[in-house]
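Subject: Structure for your review

Dear colleague,

Please find below the structure that I am handing over to you. I would be grateful if you could read the notes that follow with the model open.

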Amino acid sequence: MRNKVIAGNWKMNNDLNGTVNLISELKKGVNDQTKATVIVCPPFTSLETAQTLLKDSLIKFGAQNMYFEESGAFTGEISPSMLKSVGCEYVILGHSERRTIFGETDQIINKKIKTAIKHNLKPIFCIGETLEEREKGITFEVCERQVRFGLEGLTEAELSTMIIAYEPVWAIGTGKTATNEQAQEVHAFIRKLVAKLLSENFAQNLVIQYGGSVKPENAKELLAQPDIDGALVGGACLKADSFLKIIDAA
Ligand code: PEP
């Protein structure tokens, strides 16, 4: 049985004040009755504050990105050990905004996944097709390429903490959600592919989240699909009320 994992990607939102407010509200709603694993991913500048605020909480936290080198002349970048030093457990890698706005390639993302794992950070590895790719009928091909490159050179044991987030790019921040059937179809495809690349047992235990305009109104049905094991939430995680409703739906 795979446990549901609900993660909030805050993106470039919330200064320290906003962080204190949002985490304080979330803490009121997440307790030992909460069945899902809950993760928040604030911006880098809020991670240390998140660590302090979440010390006695069930809510886990992570970063939204990191670089694959340990230290050195990489102006503006953050290393895995820096994330570890503020208590991060997770790191989102390969988000479509990183791929499209910041030019991250499958090869760069593969290096980041390897480095994260080496430093005991749990990767939330994002994949997904653009609208153009879906319309061309190459969704499976694109997802397969992203998964194959992303996991290249890594063993089952090394990948044991990884989560995959399937996020169709056309559904991110657009208000357009994939239908339950569209999402389930790609999730099942990813699980089969991972079974082929690694093993059936690994694939059965792998958490595959859906992301793309998940909100309280659509969360329950999406999360009821057999291969959807959670959600990576953008817009709707910025208000405690809507994020908590999604957590409840799980
Ligand atoms: C995301 O950025 O990972 C995301 C899914 O955003 P939204 O929920 O706003 O579509």
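The notes below describe the fold first and then the ligand site.

Please bear in mind that this is a predicted model.

The fold is built on a closed barrel of eight strands, in the order β1-β2-β3-β4-β5-β6-β7-β8, and the pairing is parallel. From one strand to the next, the twist averages 25 degrees. In general terms, the strands of a sheet pair through backbone hydrogen bonds, either parallel or antiparallel. As one example from this barrel, strand β3 (residues 60-63) runs parallel to strand β4 (residues 90-93), and two bridges join them. Within this pair, Gly 62 has Tyr 90 of β4 as its bridge partner.

Two of the helices may help you to find your way around the barrel. Helix α11 (residues 240-249) packs on the sheet, where it touches β1 (5-9), β2 (37-41) and β8 (230-233). The direction of helix α11 makes about 160 degrees with that of β1. Helix α7 (residues 139-151) lies across β5 (122-127) and β6 (163-166), and runs at about 155 degrees to β5.

I turn now to the ligand. It is surrounded by 14 residues, of which the closest are Lys 11, Glu 167, Gly 173, Ser 213 and Gly 235. By class, this shell has eight polar, four nonpolar and two charged residues.

Three of the contacts can be described at the level of atoms:

- Lys 11 places a polar side-chain atom 2.6 Å from an oxygen atom of the ligand.
- Glu 167 has a side-chain N or O atom 2.7 Å from an oxygen atom of the ligand.
- Gly 235 contributes through its backbone, with an N or O atom 2.8 Å from an oxygen atom of the ligand.

On its own, the ligand has 290 Å² of accessible area, and the protein covers 96% of this.

Lys 11 deserves a second look. This residue lies in the loop between β1 and α1 (16-29), and its phi is positive, at about 55 degrees, although Lys 11 is not a glycine. Asn 14 is also placed in the loop between β1 and α1. Asn 14, again a residue other than glycine, has a positive phi near 85 degrees.

With kind regards

Methods: Residues numbered from 1 in each chain as written. Predicted model: local features only at pLDDT ≥ 70, side-chain atom pairs only at ≥ 80, totals over all residues. Heavy atoms only, no water. Pairing = 2+ DSSP bridges. Helix = DSSP H or I, 4+ residues; strand = E, 2+ residues; numbered from the N terminus. Axes fitted to C-alpha atoms, helices over the stretch in contact; angles between N-to-C directions. Contact = heavy atoms within 4.5 Å. Near = heavy atom within 4 Å. Polar contact = N/O pair within 3.5 Å; in protein donor to acceptor, adjacent residues only side chain to side chain. Areas by Shrake-Rupley, 256 points an atom, 1.4 Å probe, with all protein chains shown as cover. Nonpolar A, V, L, I, M, F, W, Y, C, P; charged D, E, K, R; others polar.
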